[in-house]
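Reader: Could you take me closely through one part of this model, the open sheet, and follow its strands and whatever lies beside them?

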Amino acid sequence: MQMQEIISKKRHGEKLLDEEIAFFIKEYVKGTIPDYQASSFCMAVCCNGMDAHETAVLTDCMMHSGDVVDLSKIPGVKVDKHSTGGVGDKTSLVLGPLVASAGVKLAKMSGRGLGFTGGTLDKMESIPGMRIDLTQEEFFKQVSTIGMAIIGQTGNLVPADKKLYALRDVTGTVDSIPLIASSIMSKKLASGSDSILLDVKFGSGAFMKTMEDARLLAKAMVKIGNSLKRNTKAILTDMSQPLGLAVGNILEVKEAIATLKGNGPKDFVELCLSAGSIMLVQANVCRTKEEARKILEKNLNSGLAYKKFLEFVEAQGGDISYIEHPEKFDVSKNIVEVKAEKEGYCHEITAIQIGLAAMHLGAGRATKEDSIDYTAGIVLNKKVGDKVLKGETLATIYTNKNIFDEEIRMVKEAFILQKEQPEFLPIVRDIIEE
Ligand code: URA
């Protein structure tokens with residue numbers, strides 16, 4: 001088989017054979033297909049797409065390019081959740097213990113933050129002692145006994161994606177639904193869970209900027225998952241403002257603790273309850289989402305989900321005295337309130353601006369090698385729909401940097417104020433079931 005013929009076929013918009021896709025992935029991982037041919041192939045896919053069958057085959061080949069985790073030793077249905085990434089997204093820290101408190105098994109592999117989006121692993125590591133590098137044996141044991149574990153990607157998981165994603169990043173070929181869908185789903189499928197809930201975000205602070213594009217991506221991923229025999233569903237969620245109030249590692253952990261104690265911001269609580277209800281049905285713990293939601297509300301209000309969070313932190317070596325007394329966490333040396341210069345109703349809080357400002361304040365990484373200041377970040381004092389008076393605090397900045405005038409300007413400009421009150425739109429805009 002000749003790689004140039006496969007590229008040429010796709011460049012002319014033709015459908016590829018299963019064995020042609022398999023050849024590309026196998027030989028590219030082996031190193032016999034050079035980067036210039038792989039990048040040409042990705043460009044042809046960007047221009048001419050792939051149908052559902054080709055995308056599923058590509059995903060399957062990528063998934064089998066390395067280790068595939070076998071979770072069958074853990075009894076029960078194992079559920080995973082994946083977010084396409086956003087600003088202030090601390091969902092796994094609350095959703096994990098919430099669904100585990102209702103009997104769902106969550107065996108999750110997570111990532112680090114890069115650019116304007118945060119990562120669950122960094123948030124976990126801001127809790128003193130917390131380990132993200134459990135051995136497979138420890139991981140299995142923890143999921144079996146307490147119902148959940150969150151760790152970094154282990155072993156040789158989807159090497160095809162590691163190579164391809166790095167290549168796409170520098171060849172202008174990230175932006176393609178079949179390539180994004182296969183990249184995300186190959187990693188999720190290789191992680192071994194029986195069912196997957198995808199949180200596909202849209203808006204300025206998300207990978208997909210519009211709801212239409214988010215829907216296309218969600219549908220492509222749900223199709224892949226179901227065609228490869230995993231129960232896969234997706235929710236489309238709004239990222240036109242940061243999720244909840246806190247952006248930044250320790251600040252988000254504190255918000256997660258408050259939420260598990262029943263004091264969470266409305267949009268964040270709603271997202272956790274909606275996503276959790278779907279996961280309980282996927283795991284066959286409940287028959288309907290309504291029944292599931294009642295259980296989750298009860299577990300949140302009774303402290304059962306909070307108790308599960310304590311068990312999870314302790315099991316992974318974290319010092320639970322920080323969870324029980326969040327005032328023990330370090331605090332940035334500079335805490336500055338950003339004030340409104342005019343009055344109005346808040347229509348949007350441009351999430352990408354807040355995410356980038358938080359990154360510059362020290363909360364995130366511009367490159368993979370950067371280190372993080374766990375205390376840094378931004379806490380919103382206003383959300384979309386709120387009335388703002390001139391001179392009121394819009395947000396509070398936390399940083400150990402000495403000069404941050406630019407970040408103050410970015411935060412101020414992120415708040416889009418207008419005269420009329422905006423229409424209320426729920427955070428979860430749709431559920432994609434097939
Ligand atoms: N996230 C991924 O894991 N892969 C992509 O291609 C895009 C976003």
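Author: A good place to start is a single pair of residues: the bridge partner of Ala234 is Ile432, which belongs to β13. This is a predicted model, in which local features need pLDDT of at least 70 and side-chain atom pairs count only at pLDDT 80 or more, whereas totals for chains, interfaces and linings use all residues. Residues are numbered from 1 along each chain as its sequence is written, and side-chain values use heavy atoms, with hydrogens and water left out.

Ala234 falls within β5 (residues 231-238), a strand that pairs with β13 in the antiparallel sense over four bridges. Strands here are DSSP runs of E with at least two residues, helices are runs of H or I with at least four, and both are numbered from the N terminus; two strands pair if DSSP finds at least two bridges between them. Strands of a sheet pair through backbone hydrogen bonds, in either the parallel or the antiparallel sense.

The whole sheet is open and has six strands in the order β3-β2-β1-β4-β5-β13, with mixed pairing. Because β3 (148-152) and β13 (428-432) each have a single partner strand, they stand at the edges, and one side of each is left without a neighbour in the sheet. From one strand to the next, the twist averages 20 degrees.

At the β3 edge, the pairing with β2 is parallel and runs over five bridges, and Leu106 stands opposite Met148 of β3. Although β3 is an edge strand, five of its five residues are buried, where buried means under 20% relative accessible area, exposed means over 50%, and partly exposed lies in between, with a 1.4 Å probe and protein chains only. Met148, Ile150 and Gly152 point one way from β3, while Ala149 and Ile151 point the other way, and all are buried. Helix α5 (residues 91-100) lies across β1 (78-83), β2 (105-110) and β3, and runs at about 150 degrees to β3. For such angles, axes are lines fitted to C-alpha atoms, for helices over the stretch in contact, and the values run from 0 to 180 degrees between N-to-C directions.

Beyond the sheet, the loop between β5 and β6 holds Gln241, which counts as buried because its relative accessibility is 15%. A polar atom of the Gln241 side chain lies 2.9 Å from the backbone nitrogen of Val384. This is a polar contact, a pair of N or O atoms within 3.5 Å; within protein, one atom must be able to donate a hydrogen and the other to accept it, and residues adjacent in sequence count only if both atoms are side-chain atoms. Apart from residues up to four places away in sequence, Gln241 touches Asp267, Ile349, Ala351, Lys383 and Val384, contact meaning heavy atoms within 4.5 Å.

The next strand, β6 (residues 246-247), includes Val247, which counts as buried because its relative accessibility is 5%. Leaving aside neighbours within four places in sequence, the contacts of Val247 include Val87, Gly88, Pro242 and Glu252, as well as Ile354 and Ala358. By contrast in position along the chain, Ser8 is 239 residues from Val247, and their C-alpha atoms are separated by 46 Å.
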